[in-house]
Every structure is written in structure tokens, then in C-alpha cells.
2 protein chains.
Amino acid sequence: MSKQAVALTLTDLNADTPCCPPIAQRRIPAESAAVLAPAFKALGDPVRLQLMSMIASAPDGEICVCDLTPAFELSGPTISHHLKTLRDAGLVDSDRRGTWVYYRARPTIMRQLAALLTVEAT
Amino acid sequence: MSKQAVALTLTDLNADTPCCPPIAQRRIPAESAAVLAPAFKALGDPVRLQLMSMIASAPDGEICVCDLTPAFELSGPTISHHLKTLRDAGLVDSDRRGTWVYYRARPTIMRQLAALLTVEAT
DNA sequence: ACGCTGATTTGAGATCTGTCAACCTAGAGA
DNA sequence: TCTCTAGGTTGACAGATCTCAAATCAGCGT
């Protein structure tokens, strides 16, 4: 497939239609793996997984960094770095309002990842 | 290899009942994040994601290392190392039969991870 | 303008990871 | 036993990652 790899990141992961069939259904191509692996990698750290959960489960659909940081025994810069990682992976969006910055999850991409791991019933 | 650490991981992730609600539903506790993050981390490498897909989508439910290695332009030891990572994460099982070693996916754990990323319909 | 607070960026150090060459182990078969 | 092949283990190295302190940036007050 001679698809444009760059567009894949923004287009396919954001699309409503799955980017690929479940990995248990057909072997994933190298190009897709290169696009998808970073998202899993971003979730592959305990702190980021918790951050992602706090963001995705926020009652108002968003949560302030000022509410995230004190939940960990880590410095502000470290939390900021992890949030940037989640942002770069396309898992969250950030939005500054005045002094505060709010993060919200990108449900489409989460669904893409969930769909990838789907397994047929045994 | 430490059988203990693996056994711990498998205990939680191997159950038929979800280990935790979706991360978008409730904030994941630190302990659960510590158990689950390594699984995502293992999928967070393009080579391992492809390996996992080849294993999970194998027609007979299993695939020989001798069929995995030539699919990549990487040395045998490197593939072996990645397979060990997947094994340690509890994502696959290996089984030696004669000269050859076969790998098979652990669907329960894949389902756990998929369930974790589930998002309510908007 | 000034200072204050919240958040990100930069720089640095310790640790972890991906990779390969070299070596070792397990099993099949003569 | 000896040899051959399939995989795994060890050791080493370059590059990535996690973390913090220090510096910087962005807004809101007075």
C-alpha cells in the first residue's frame, strides 16, 4: 500500500472507521504498526496510564493540570513531560483557559486501540 | 526468568472477569496501573506489535519462531528478545515441540486490555 | 509595570531499551 | 557419540527514557 504515512497518524487514528482489522484477525502491516505502536507505548507507563485514566474519566470531560499534578508524588515538570507524551501520541488534547490548562481524552483513538485488541469469542 | 513476577501478572490479567472498569469510566488505581502498564508497554514497539499480530492471527492458533524470524530484517537474538518481552508481559505463551518452538496468544489478556480502552458511545 | 501563580521547556544524570556478535542449550538423527 | 539446526542467553554499546532543578513562558492581579 502506498498510502501517505504522515496522514495516517492524523487521519486514520482519528477516523470513525477502524484503521485496521483486529491484530488477531489479520497480520498488521509494518506501516500500521509504526503508527500504532507509539500510542500503546504512551500507555505503557504506570504514571501515564493513570493520567490517561484521570483525564478520560473526568466528570466534565476535561480536567485541569492543577488537579492532575498533586495526585502524584512527582514534580510538575515530570507530569508535564508525561502529558506531552500523551499529547504527542494523539491520546489527549490540551486547552489553555486563562492561567489553567485543561486536558481531554480523544475517544476515537481509544476506540481504535480497543478495536485492535478485539478477539473473537472462543 | 522470575516465575513469580509473571505469575502475579497472570493472576490478575488472566481472570475472565475484567480486572478493572474501563479507564474512561473510573480512575485506575496505582496498583492496577503498575500491573497493566507493562502489557501496553510490550505492545509499544512496532516489531513486537507485528509479532503479536502474527502470533494472534496465526491460522492454527500458533506459529513457529522459524516463521516469525524471517519476516523481519532483524537478527535471531533480537526476535528472541522481543518474544521474551511479550512472554514476560503475559501476552503470549511458548511451547517447545521437538526442535521448534511455537507461540500462541493469550486471548483473555488481550480482552482485558481491549475492555480497559472501551469508551462509551458519544 | 510589577509580582504572583500555573504550566512548559531546557539541561543534566541515572537508568532502561533495542540491537547484534558470540556463545550456549535442546533436540533430532545418523 | 557426534553433528547439525532451531532458539535462547550473555555481554556490550548506542540511543532513548524518566526524573528533577533551574529557567522560561503565559495570564491574572494589584
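**Exercise 1.** In this predicted model, find which element gives the largest share of the surface near DNA strand D.

*Solution.* Step 1: Start with the residues around the strand. DNA strand D is surrounded by 23 residues, and the closest are Lys41(A), Thr78(A), His82(A), Cys64(B) and Cys66(B). Of the atoms of DNA strand D that come within 4 Å of the protein, 82% are sugar and phosphate.

Step 2: Look at phosphate contacts. In chain A, a side-chain N or O atom of Arg48(A) is 3.1 Å from a phosphate oxygen of DNA strand D, and for Thr78(A) the distance is 2.5 Å. In chain B, a side-chain N or O atom of Ser80(B) lies 2.9 Å from a phosphate oxygen of this strand.

Step 3: List the elements. Two or more residues come from each of H5 of chain A and, in chain B, helix H4 (65-68), H5 and strand E3 (100-105). The largest share, four residues, belongs to H5(A).

**Exercise 2.** Sort the residues near DNA strand D into nonpolar, polar and charged, then do the same for DNA strand C.

*Solution.* Step 1: Near DNA strand D there are nine nonpolar, eight polar and six charged residues.

Step 2: Near DNA strand C the numbers are nine nonpolar, nine polar and five charged.

**Exercise 3.** Describe how the protein meets DNA strand C, from its closest residues to its phosphate contacts.

*Solution.* Step 1: Count the neighbours. There are 23 residues around DNA strand C, with Tyr103(A), Lys41(B), Ser75(B), Thr78(B) and His82(B) the closest.

Step 2: Ask which part of the strand is met. Sugar or phosphate makes up 77% of the atoms of DNA strand C within 4 Å of the protein, and bases make up the rest.

Step 3: Separate backbone from side chain. Cys66(A) has a polar backbone atom 3.0 Å from a phosphate oxygen of DNA strand C. Ser80(A) uses a side-chain N or O atom, at 2.9 Å. Ser75(B) also places a polar side-chain atom 2.9 Å from a phosphate oxygen of the strand.

Step 4: Assign the elements. At least two residues each come from helix H4 (65-68), helix H5 (76-88) and strand E3 (100-105) of chain A, and from helix H5 (76-88) of chain B.

**Exercise 4.** Work out how chain B is placed relative to chain A.

*Solution.* Step 1: A turn of 180 degrees with a shift of 0.0 Å along the axis lays chain B on chain A, with an RMSD of 0.0 Å.

Step 2: The two copies are therefore related as by a two-fold rotation axis.

Step 3: In chain B, the C-alpha of Ala114(B) is nearest the axis, 2.2 Å from it.

Step 4: Compare the interfaces. The copies meet through the same surface, because 100% of the interface residues of chain B are also interface residues in chain A.

How values were computed: Residues numbered from 1 in each chain as written. Chains lettered and ligands numbered in written order. Predicted model: local features only at pLDDT ≥ 70, side-chain atom pairs only at ≥ 80, totals over all residues. Heavy atoms only, no water. Near = heavy atom within 4 Å. Polar contact = N/O pair within 3.5 Å; in protein donor to acceptor, adjacent residues only side chain to side chain. Nonpolar A, V, L, I, M, F, W, Y, C, P; charged D, E, K, R; others polar. Least-squares fit on C-alpha atoms with pLDDT ≥ 70 in both. Contact = heavy atoms within 4.5 Å.
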